[in-house]
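Thanks for coming. I have one structure to go through today, so please put it up on the screen and keep the sequence beside it.

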Amino acid sequence: LQADTTPVGATAPSLYDFAELYDAIVPPGPCEGFYLAEARRARGPVLELACGTGRLTLPLARDGHDVTGLDASPRMLAAAAAKAQAAGLSPRLTLGDMRGFDLRRRFGLVVIACNSLAHLTETEEALACLRAARRHLLPGGTLAFDVVMPGPALLAAEGGWRRLDHGPNPASAIEAEEKASYDPVTQLRTARWRIRPPGQGPVEAAFALRLFFPRELPALLRLAGFEPVALHGDFARQALSPWSLSQVCLARPRRGRHAA
Ligand SMILES: C[S@@+](CC[C@H](N)C(=O)[O-])C[C@H]1O[C@@H](n2cnc3c(N)ncnc32)[C@H](O)[C@@H]1O
(Lines give C-alpha, C1' and ligand atoms only; values in the text may rest on other atoms or scores of the structure.)
Protein backbone atom coordinates (compact mmCIF):
# COMPACT_ATOMS: atom_id res chain seq x y z
CA LEU A 1 0.00 0.00 0.00
CA GLN A 2 1.26 3.47 -0.84
CA ALA A 3 0.29 6.68 0.92
CA ASP A 4 1.08 9.90 -0.89
CA THR A 5 -0.60 12.57 1.19
CA THR A 6 0.76 14.85 3.88
CA PRO A 7 2.04 12.88 6.85
CA VAL A 8 0.33 13.32 10.20
CA GLY A 9 2.72 13.18 13.13
CA ALA A 10 6.43 12.58 12.83
CA THR A 11 6.77 10.06 10.02
CA ALA A 12 3.58 8.08 9.61
CA PRO A 13 0.74 8.93 7.20
CA SER A 14 -2.90 9.29 8.18
CA LEU A 15 -5.12 6.23 8.59
CA TYR A 16 -7.44 7.96 6.12
CA ASP A 17 -4.91 7.40 3.34
CA PHE A 18 -5.85 3.72 3.61
CA ALA A 19 -9.62 3.82 3.18
CA GLU A 20 -9.94 0.05 2.65
CA LEU A 21 -8.03 -0.63 5.87
CA TYR A 22 -10.25 1.84 7.72
CA ASP A 23 -13.30 -0.22 6.76
CA ALA A 24 -11.69 -3.40 8.05
CA ILE A 25 -10.62 -1.80 11.32
CA VAL A 26 -13.85 0.11 11.92
CA PRO A 27 -16.71 -2.12 10.75
CA PRO A 28 -20.39 -1.17 11.19
CA GLY A 29 -21.21 -0.78 14.86
CA PRO A 30 -23.96 0.06 17.34
CA CYS A 31 -23.92 3.73 16.36
CA GLU A 32 -25.83 2.82 13.22
CA GLY A 33 -29.16 2.06 14.94
CA PHE A 34 -28.87 5.21 17.04
CA TYR A 35 -28.27 7.57 14.12
CA LEU A 36 -30.90 5.84 11.97
CA ALA A 37 -33.44 6.41 14.75
CA GLU A 38 -32.47 10.10 14.93
CA ALA A 39 -32.77 10.41 11.13
CA ARG A 40 -36.25 8.87 11.20
CA ARG A 41 -37.25 11.37 13.88
CA ALA A 42 -35.78 14.34 11.99
CA ARG A 43 -37.89 16.60 9.84
CA GLY A 44 -35.67 17.24 6.88
CA PRO A 45 -32.58 15.96 5.11
CA VAL A 46 -29.52 14.62 6.92
CA LEU A 47 -25.98 16.02 6.83
CA GLU A 48 -23.14 13.82 8.01
CA LEU A 49 -19.92 15.70 8.73
CA ALA A 50 -16.67 13.70 8.47
CA CYS A 51 -18.59 10.94 6.69
CA GLY A 52 -15.45 8.99 5.77
CA THR A 53 -16.07 5.89 3.66
CA GLY A 54 -19.81 6.14 4.20
CA ARG A 55 -20.00 3.61 7.04
CA LEU A 56 -23.05 5.53 8.26
CA THR A 57 -23.92 7.58 5.16
CA LEU A 58 -24.84 4.50 3.15
CA PRO A 59 -27.19 2.94 5.73
CA LEU A 60 -28.85 6.37 6.05
CA ALA A 61 -29.32 6.54 2.28
CA ARG A 62 -30.52 2.93 2.22
CA ASP A 63 -33.11 3.84 4.84
CA GLY A 64 -34.56 6.37 2.39
CA HIS A 65 -33.06 9.59 3.76
CA ASP A 66 -31.89 12.47 1.63
CA VAL A 67 -28.32 12.43 2.93
CA THR A 68 -25.25 14.56 2.27
CA GLY A 69 -21.82 13.44 3.46
CA LEU A 70 -18.93 15.89 3.83
CA ASP A 71 -15.33 14.85 4.42
CA ALA A 72 -11.87 16.38 4.06
CA SER A 73 -10.23 13.22 2.70
CA PRO A 74 -10.54 12.62 -1.07
CA ARG A 75 -9.58 8.95 -0.52
CA MET A 76 -12.25 8.31 2.09
CA LEU A 77 -14.83 10.07 -0.11
CA ALA A 78 -13.77 8.08 -3.17
CA ALA A 79 -14.28 4.87 -1.19
CA ALA A 80 -17.72 6.10 -0.10
CA ALA A 81 -18.65 6.94 -3.69
CA ALA A 82 -17.53 3.51 -4.94
CA LYS A 83 -19.51 1.71 -2.24
CA ALA A 84 -22.58 3.87 -2.92
CA GLN A 85 -22.42 3.13 -6.63
CA ALA A 86 -22.04 -0.60 -6.01
CA ALA A 87 -25.08 -0.51 -3.73
CA GLY A 88 -27.17 1.56 -6.15
CA LEU A 89 -27.37 4.45 -3.67
CA SER A 90 -26.81 8.14 -4.41
CA PRO A 91 -25.97 10.18 -1.33
CA ARG A 92 -24.46 13.59 -2.08
CA LEU A 93 -20.75 13.38 -1.23
CA THR A 94 -18.85 16.63 -0.79
CA LEU A 95 -15.18 17.36 -0.22
CA GLY A 96 -14.97 19.96 2.53
CA ASP A 97 -13.67 21.00 5.90
CA MET A 98 -16.13 20.66 8.77
CA ARG A 99 -14.52 23.67 10.46
CA GLY A 100 -16.03 25.95 7.84
CA PHE A 101 -18.39 25.10 5.00
CA ASP A 102 -21.44 26.52 3.31
CA LEU A 103 -23.67 24.01 1.55
CA ARG A 104 -26.43 26.62 0.95
CA ARG A 105 -28.94 24.17 2.36
CA ARG A 106 -30.43 23.37 5.73
CA PHE A 107 -30.94 19.98 7.33
CA GLY A 108 -33.19 18.39 9.91
CA LEU A 109 -30.27 16.44 11.40
CA VAL A 110 -26.52 17.01 11.44
CA VAL A 111 -24.44 14.00 12.49
CA ILE A 112 -20.75 13.87 13.50
CA ALA A 113 -20.11 10.19 14.23
CA CYS A 114 -17.29 8.00 15.44
CA ASN A 115 -15.29 10.52 17.48
CA SER A 116 -14.69 12.62 14.36
CA LEU A 117 -15.04 15.88 16.29
CA ALA A 118 -11.87 14.86 18.14
CA HIS A 119 -9.86 15.63 15.01
CA LEU A 120 -10.46 19.29 15.78
CA THR A 121 -7.73 19.58 18.34
CA GLU A 122 -8.15 23.29 19.15
CA THR A 123 -11.22 24.54 21.00
CA GLU A 124 -11.77 27.26 18.37
CA GLU A 125 -11.82 24.60 15.64
CA ALA A 126 -14.45 22.54 17.47
CA LEU A 127 -16.51 25.69 18.05
CA ALA A 128 -16.19 26.67 14.38
CA CYS A 129 -17.49 23.22 13.39
CA LEU A 130 -20.39 23.33 15.85
CA ARG A 131 -21.33 26.84 14.66
CA ALA A 132 -21.21 25.74 11.02
CA ALA A 133 -23.42 22.76 11.92
CA ARG A 134 -25.85 25.11 13.64
CA ARG A 135 -26.05 27.39 10.59
CA HIS A 136 -27.01 24.34 8.51
CA LEU A 137 -29.85 23.20 10.78
CA LEU A 138 -33.50 23.87 10.11
CA PRO A 139 -35.47 25.37 13.02
CA GLY A 140 -36.12 22.53 15.46
CA GLY A 141 -33.34 20.46 13.89
CA THR A 142 -30.96 18.24 15.86
CA LEU A 143 -27.21 17.91 16.14
CA ALA A 144 -26.16 14.36 17.07
CA PHE A 145 -22.57 13.31 17.70
CA ASP A 146 -20.44 10.89 19.67
CA VAL A 147 -16.98 11.28 21.12
CA VAL A 148 -15.01 8.87 23.27
CA MET A 149 -15.21 9.05 27.05
CA PRO A 150 -11.84 10.10 28.49
CA GLY A 151 -11.72 7.16 30.91
CA PRO A 152 -8.64 6.32 32.98
CA ALA A 153 -7.38 3.71 30.49
CA LEU A 154 -7.26 6.29 27.69
CA LEU A 155 -5.52 8.85 29.88
CA ALA A 156 -2.89 6.51 31.29
CA ALA A 157 0.50 6.86 29.61
CA GLU A 158 0.99 3.42 28.13
CA GLY A 159 4.45 3.49 26.70
CA GLY A 160 4.48 0.25 24.73
CA TRP A 161 2.51 -1.26 21.87
CA ARG A 162 -0.78 -2.97 22.63
CA ARG A 163 -3.19 -4.88 20.43
CA LEU A 164 -6.14 -2.70 19.39
CA ASP A 165 -8.17 -5.67 18.22
CA HIS A 166 -7.81 -7.32 21.63
CA GLY A 167 -8.63 -4.14 23.55
CA PRO A 168 -10.32 -0.88 22.61
CA ASN A 169 -11.38 -2.01 19.15
CA PRO A 170 -12.31 -5.72 19.33
CA ALA A 171 -14.46 -5.35 16.21
CA SER A 172 -11.39 -4.89 14.03
CA ALA A 173 -11.18 -7.55 11.35
CA ILE A 174 -7.41 -7.23 11.07
CA GLU A 175 -4.54 -7.20 13.49
CA ALA A 176 -3.66 -3.71 14.66
CA GLU A 177 -1.49 -2.34 17.44
CA GLU A 178 -1.43 1.05 19.09
CA LYS A 179 1.19 3.06 20.95
CA ALA A 180 -0.26 6.16 22.56
CA SER A 181 0.43 8.98 24.97
CA TYR A 182 -1.78 11.59 26.55
CA ASP A 183 -0.89 15.23 27.22
CA PRO A 184 -3.08 16.54 30.07
CA VAL A 185 -2.30 20.16 29.17
CA THR A 186 -3.52 20.05 25.59
CA GLN A 187 -6.01 17.19 26.21
CA LEU A 188 -4.54 15.50 23.15
CA ARG A 189 -4.05 11.78 22.85
CA THR A 190 -1.38 11.09 20.26
CA ALA A 191 -1.43 7.59 18.86
CA ARG A 192 0.53 5.57 16.38
CA TRP A 193 -1.13 2.55 14.80
CA ARG A 194 0.66 -0.41 13.24
CA ILE A 195 -1.76 -2.35 11.09
CA ARG A 196 -0.95 -5.78 9.70
CA PRO A 197 -3.20 -6.52 6.71
CA PRO A 198 -3.11 -10.25 5.88
CA GLY A 199 -0.46 -11.05 3.30
CA GLN A 200 1.08 -7.56 3.35
CA GLY A 201 3.74 -5.71 5.26
CA PRO A 202 2.73 -3.56 8.24
CA VAL A 203 1.24 -0.14 7.60
CA GLU A 204 1.78 2.68 10.11
CA ALA A 205 -0.54 5.61 10.74
CA ALA A 206 -0.49 8.39 13.31
CA PHE A 207 -2.97 10.89 14.66
CA ALA A 208 -3.72 13.23 17.52
CA LEU A 209 -7.22 13.28 18.94
CA ARG A 210 -8.67 15.81 21.36
CA LEU A 211 -10.40 14.37 24.40
CA PHE A 212 -13.60 16.10 25.48
CA PHE A 213 -14.57 15.82 29.14
CA PRO A 214 -18.25 15.38 30.04
CA ARG A 215 -18.60 18.79 31.69
CA GLU A 216 -16.93 20.52 28.75
CA LEU A 217 -19.41 19.36 26.16
CA PRO A 218 -22.50 21.28 27.35
CA ALA A 219 -20.35 24.42 27.72
CA LEU A 220 -18.97 24.10 24.18
CA LEU A 221 -22.45 23.44 22.81
CA ARG A 222 -23.85 26.53 24.55
CA LEU A 223 -20.97 28.67 23.29
CA ALA A 224 -21.81 27.52 19.76
CA GLY A 225 -25.48 28.45 20.15
CA PHE A 226 -26.92 25.05 21.04
CA GLU A 227 -29.00 23.82 23.92
CA PRO A 228 -27.83 20.33 25.00
CA VAL A 229 -30.74 17.90 24.99
CA ALA A 230 -29.08 14.65 26.09
CA LEU A 231 -25.65 13.28 26.97
CA HIS A 232 -25.83 9.48 26.90
CA GLY A 233 -23.15 6.97 27.84
CA ASP A 234 -23.78 4.68 24.87
CA PHE A 235 -25.86 4.20 21.73
CA ALA A 236 -28.58 2.41 23.73
CA ARG A 237 -29.12 5.82 25.42
CA GLN A 238 -28.04 4.65 28.86
CA ALA A 239 -26.93 7.29 31.34
CA LEU A 240 -23.33 8.43 31.29
CA SER A 241 -21.39 6.51 33.95
CA PRO A 242 -17.74 6.05 34.97
CA TRP A 243 -17.75 2.89 32.80
CA SER A 244 -19.10 4.53 29.65
CA LEU A 245 -16.85 4.22 26.61
CA SER A 246 -18.66 6.90 24.60
CA GLN A 247 -20.38 10.22 25.10
CA VAL A 248 -23.38 10.40 22.79
CA CYS A 249 -24.80 13.91 22.53
CA LEU A 250 -27.96 15.46 21.20
CA ALA A 251 -28.44 19.21 20.97
CA ARG A 252 -30.81 21.72 19.39
CA PRO A 253 -30.09 25.25 18.17
CA ARG A 254 -30.89 27.73 20.90
CA ARG A 255 -33.53 30.22 19.94
CA GLY A 256 -33.53 33.93 20.58
CA ARG A 257 -31.06 36.74 20.67
CA HIS A 258 -28.48 34.91 22.80
CA ALA A 259 -27.95 32.28 20.13
CA ALA A 260 -24.44 32.43 18.65
C1 LIG B 1 -13.00 8.31 12.49
S2 LIG B 1 -13.31 8.72 10.82
C3 LIG B 1 -15.08 8.63 10.84
C4 LIG B 1 -15.69 8.36 9.51
C5 LIG B 1 -17.19 8.06 9.56
N6 LIG B 1 -17.93 9.13 10.19
C7 LIG B 1 -17.46 6.76 10.29
O8 LIG B 1 -18.28 6.78 11.22
O9 LIG B 1 -16.88 5.75 9.90
C10 LIG B 1 -12.97 10.45 10.84
C11 LIG B 1 -13.17 11.16 9.52
O12 LIG B 1 -13.02 12.57 9.76
C13 LIG B 1 -12.49 13.16 8.59
N14 LIG B 1 -11.98 14.47 8.94
C15 LIG B 1 -10.95 14.77 9.77
N16 LIG B 1 -10.81 16.10 9.86
C17 LIG B 1 -11.79 16.66 9.09
C18 LIG B 1 -12.18 17.99 8.79
N19 LIG B 1 -11.54 19.05 9.32
N20 LIG B 1 -13.24 18.20 7.98
C21 LIG B 1 -13.90 17.14 7.43
N22 LIG B 1 -13.57 15.85 7.67
C23 LIG B 1 -12.53 15.62 8.50
C24 LIG B 1 -11.44 12.14 8.13
O25 LIG B 1 -11.08 12.34 6.78
C26 LIG B 1 -12.19 10.83 8.41
O27 LIG B 1 -12.87 10.38 7.26
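I start with a contact between two side chains: those of Arg210 and Thr123 make a polar contact at 3.1 Å. By polar contact I mean a pair of N or O atoms within 3.5 Å; within protein, one must be able to donate a hydrogen and the other to accept it, and residues adjacent in sequence count only if both atoms are side-chain atoms. Before I go on, this is a predicted model, in which local features need pLDDT of at least 70 and side-chain atom pairs count only at pLDDT 80 or more, while totals for chains, interfaces and linings use all residues. Residues are numbered from 1 along each chain as its sequence is written, and side-chain values use heavy atoms, with hydrogens and water left out.

Back to Arg210. Arg210 is in strand 9, residues 203-210; helices (H or I, at least four residues) and strands (E, at least two) are DSSP runs, numbered from the N terminus. Is Arg210 buried or exposed? Arg210 is buried, because its relative accessible area is 5%. The cut-offs are under 20% for buried, over 50% for exposed, and partly exposed in between, with a 1.4 Å probe and protein chains only.

Gln247 is another buried residue, with a relative accessible area of 0%. Gln247 belongs to strand 11, residues 246-253, and its side chain reaches the backbone oxygen of Phe212 at 2.8 Å.

Now two arginines that are partly exposed. Arg92 lies in strand 3, residues 92-95, and has a relative accessible area of 44%. The C-alpha atoms of Arg92 and Leu70 are 8.4 Å apart, with these positions 22 residues apart along the chain. Arg106 sits in the loop between strand 3 and strand 4, with a relative accessible area of 45%. From Arg106 to Arg134, 28 residues apart along the chain, the C-alpha separation is 9.3 Å.

On the backbone, I note two residues. Cys114 is not a glycine, yet has a positive phi of about 60°. Cys114 is in the loop between strand 4 (107-112) and helix 5 (123-135), and is partly exposed at 30% relative accessible area. Gln187 also is a residue other than glycine with a positive phi, near 60°, and lies in the loop between strand 7 (175-183) and strand 8 (188-196).

Next, the ligand. Which residues are closest to the ligand? Of the 20 that surround the ligand, the closest are Tyr22, Ala50, Arg55, Asp71 and Met98; the criterion is a heavy atom within 4 Å. A polar side-chain atom of Tyr22 is 2.7 Å from a ligand oxygen atom. One ligand nitrogen atom is 3.0 Å from an N or O atom in the Asp97 side chain, and a backbone N or O atom of Met98 is 2.9 Å from a nitrogen atom of the ligand. The ligand has 600 Å² of accessible area on its own, and the protein covers 93% of that, by the Shrake-Rupley method with a 1.4 Å probe; for residues, only the protein chains shown count as cover.

Last, the rings. Arg194 lies over the face of Trp161, 3.9 Å from the ring centre; this requires NZ of Lys or CZ of Arg within 6 Å of the ring centre and within 35 degrees of the ring normal. Phe34, Tyr35 and Phe235 form one aromatic cluster.

That is what I have. Comments are welcome.

Key: Phe/Tyr/Trp six-rings, centres within 6.5 Å; stacked < 30°, edge-to-face > 60°.
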